[in-house]
Amino acid sequence: MKVVLVGTDPNGLTDALDAEGHAVTVADIGNRPGLEEAGIHDADVYLLTEMEQATSIAVAKDLNPDLRVVVYAEGSLPDFASRQADLVVDPNLLDPEAVAEELD
């Protein structure tokens, strides 16, 4: 599965995704150029790790409407973004390995 991760990765989510066999690219900033460079057009999952970049969900869905949107961060999504998210997970409740396993 192709995953585009946007944001920082303090919990080791990239390593957990790699261990599960997912192809992961990382974009530090979820703007259009960053997402396109990370391969959003061919991605299966958009994984956001920073609530501050919630507006990037709309950009990602515009570029690839079939994306599955997963948010792995503390805090709350704004209403406009929560309607586009398929799954929101608090890192305090599930470890990165569990999230990586559930993506399939």
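Student: How many bridges join strand E3 to strand E4, and which way do the two strands run?
Tutor: Bear in mind that this is a predicted model. Strand E3 covers residues 45–48 and strand E4 covers residues 68–72. Within this pair, Leu47 stands opposite Val70. The two strands run parallel, and the bridges joining them number four.

Student: Where do E3 and E4 sit in the strand order of the open sheet?
Tutor: The sheet has five strands with parallel pairing. Its edges are E2 (23–27) and E5 (87–89), each of which pairs on one side only. Neighbouring strands are turned by 20° against each other on average, ignoring direction. Reading across, the order is E2-E1-E3-E4-E5.

Student: Which helix packs on the sheet and touches E1, E3 and E4?
Tutor: Look at residues 55–63, whose helix direction makes about 170° with that of E3. This helix also gives the largest share of the largest nonpolar core, three residues. The helix is H3.

Student: What is the handedness of the crossover from E1 to E2?
Tutor: E1 and E2 pair in the parallel sense over five bridges, and Lys2 has Ala23 as its bridge partner in E2. Between these strands the chain passes through helix H1, residues 13–19. This β-α-β crossover is right-handed.

Student: Is E1 mostly covered or mostly uncovered, and how many of its residues are buried?
Tutor: Besides E2, E1 has a parallel partner in E3, joined by four bridges. Val3 stands opposite Val45 in that pairing. E1 is mostly covered, and of its five residues the number buried is four.

Student: How many residues does the largest nonpolar core have?
Tutor: The elements giving two or more residues to this core are E1, helix H2 (32–38), E3, H3 and E4. Among the residues with the most contacts inside the core are Leu35, Ile57 and Val71. Leu35 touches residues including Val4, Tyr46 and Val59. The core's residue count is 21.

Student: Why does Asn64 count as buried?
Tutor: Asn64 is found in the loop between H3 and E4. Residues under 20% relative accessible area are called buried. Asn64 counts as buried because its relative accessibility is 7%.

Student: Which residue's backbone oxygen does the side chain of Asn64 reach at 2.9 Å?
Tutor: Leaving aside residues up to four places away in sequence, Asn64 touches Ile40, His41, Asp42 and Ala43. From this group, the backbone oxygen that the Asn64 side chain reaches at 2.9 Å belongs to Ile40.

Technical notes: Residues numbered from 1 in each chain as written. Predicted model: local features only at pLDDT ≥ 70, side-chain atom pairs only at ≥ 80, totals over all residues. Heavy atoms only, no water. Pairing = 2+ DSSP bridges. Axes fitted to C-alpha atoms, helices over the stretch in contact; angles between N-to-C directions. Contact = heavy atoms within 4.5 Å. Core = buried A, V, L, I, M, F, W, Y, C linked by side-chain atoms within 4.5 Å. Buried < 20%, exposed > 50% of the residue type's maximum accessible area, 1.4 Å probe, protein only. Polar contact = N/O pair within 3.5 Å; in protein donor to acceptor, adjacent residues only side chain to side chain. Right-handed = clockwise from strand over helix to strand, strands pointing away.
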